[in-house]
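Here is a short tour to read beside the model. Please keep the viewer open and follow along from heading to heading.

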Amino acid sequence: MMTAPTHLLRVESPLGRLELTADDDSILTLEIERAGLLTYENLPENSNDVLDEASRQLSEYFAGDRTEFDLPVKLEGTPFQTAVWLQLARLGWGEFVSYGELGALAGKPGSARAVGGAVGSNPVPIIVGCHRVLASNRKITGYSAGNGIPTKVWLLDHESIGHA
């Protein structure tokens, strides 16, 4: 059984509804609805200042008025996942990296497959831009958030990141 989040907010976006969770100080998760469903669908919203600010910044991002997020995020995972997510968080609007390059940046050269697993388990997509990771030939190899590859294509196109 899943533990109910301390704070929960749902917001509309061009990708469908987003569901954000937080503790008193930081964002914990961002989920993009898949097939009309969200994890905490049946729980009432209980926002706080962190989530209200996230909603505002996400609206600005989708409108094209914001190119970086200034939000407290708590990234909880293995040391390797955390290293990958911290490198992802350094990528800016319109920038991209390959899985191999990301592995090298995270201190594990030659770990592209493991990087793919870490990228796919990013708890806060969009805010930590896992959509900015492409194969070395700029092909899209997958995306686990929202409706998968169409969601990633939308985000890449939104940021004018060329892809094959």
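Is Arg66 buried or exposed? With a relative accessible area of 16%, Arg66 is buried. This is a predicted model, and the values below are computed from it.

## Arg66 and its salt-bridge network

Let's stay with Arg66 for a moment. Its side chain meets that of Glu60 in a salt bridge, at 2.8 Å from N to O. Glu60 has 23% relative accessibility and therefore counts as partly exposed, whereas Arg66 falls under the 20% limit for buried residues.

A further pair belongs to this picture: Glu53 forms a salt bridge with Arg56, and the closest N and O atoms are 2.4 Å apart. These two residues are three apart in helix H1, so about one helical turn separates them. Glu53 is partly exposed, at a relative accessible area of 28%, and Arg56 is also partly exposed, at 39%. Together, Glu53, Arg56, Glu60 and Arg66 are linked in a network of salt bridges. Over the whole structure, the search finds eight salt bridges.

## The strands S1, S2 and S3

Now move to strand S1, residues 7-11, where five of five residues are buried. His7, Leu9 and Val11 point one way from S1, while Leu8 and Arg10 point the other way. As background, side chains in a regular strand alternate between the two faces of the sheet.

S1 pairs with strand S2 (residues 18-22) in the antiparallel sense, over five bridges. One pair to look for is His7 with its bridge partner in S2, Ala22. The two strands form a hairpin with six residues between them, and Gly16 in the turn has a positive phi of about 110°. S2 in turn runs antiparallel to strand S3 (residues 27-32), and five bridges join them. This second hairpin has four residues between S2 and S3.

Glu19 is a good residue to click on here. Its bridge partner in S3 is Glu31, and Glu19 also forms a salt bridge with Arg10, with the closest N and O atoms 3.1 Å apart. Both Glu19 and Arg10 are buried.

## Two helices with a buried face

In helix H4 (residues 112-120), the buried residues are Val115, Ala118 and Val119. Seen down the axis of H4, they fall within an arc of 100°, so they line one face of the helix. Their cover includes helix H2 (79-90), helix H3 (99-105) and strand S5 (133-134).

Helix H5 (residues 149-158) has its own set of buried residues: Thr151, Lys152, Leu155, Leu156 and His158. These cover an arc of only 160° around the axis, which puts them on the same side of H5. They pack against S3, helix H1 (49-63), H3 and S5. Just after H5 comes Ser160, whose phi is positive, near 55°.

## The loop between H4 and S5

Which residues does Asn122 touch, beyond those up to four places away in sequence? They are Trp85, Val128 and Cys130. Asn122 is found in the loop between H4 and S5 and is buried, with a relative accessible area of 8%.

Ile127 has its place in that loop between H4 and S5 as well, and it counts as buried at 11% relative accessibility. Leaving aside neighbours within four places in sequence, Ile127 is in contact with Leu20, Ile27, Leu30, Leu58, Phe69, Leu71 and Val73. For a distance check, the C-alpha atoms of Ile127 and Gly142 are separated by 18 Å, with these positions 15 residues apart along the chain counted as their spacing.

## How the two domains meet

Finally, zoom out to the whole chain, which is divided into domain 1 (7-63) and domain 2 (79-159). The contact takes 15 residues from domain 1 and 17 residues from domain 2. The C-alpha centres of the two domains lie 21 Å apart.

How much area is buried between domain 1 and domain 2? The value is about 1300 Å², and carbon and sulfur atoms give 67% of that area. Across this interface, the rule finds zero salt bridges.

Terms used:
Residues numbered from 1 in each chain as written. Predicted model: local features only at pLDDT ≥ 70, side-chain atom pairs only at ≥ 80, totals over all residues. Heavy atoms only, no water. Buried < 20%, exposed > 50% of the residue type's maximum accessible area, 1.4 Å probe, protein only. Arc of directions from axis to C-beta. Contact = heavy atoms within 4.5 Å. Pairing = 2+ DSSP bridges. Domains from an automatic or database assignment. Buried area = accessible area lost by both parts, 1.4 Å probe. Salt bridge = Lys/Arg side-chain N within 4 Å of Asp/Glu carboxyl O.
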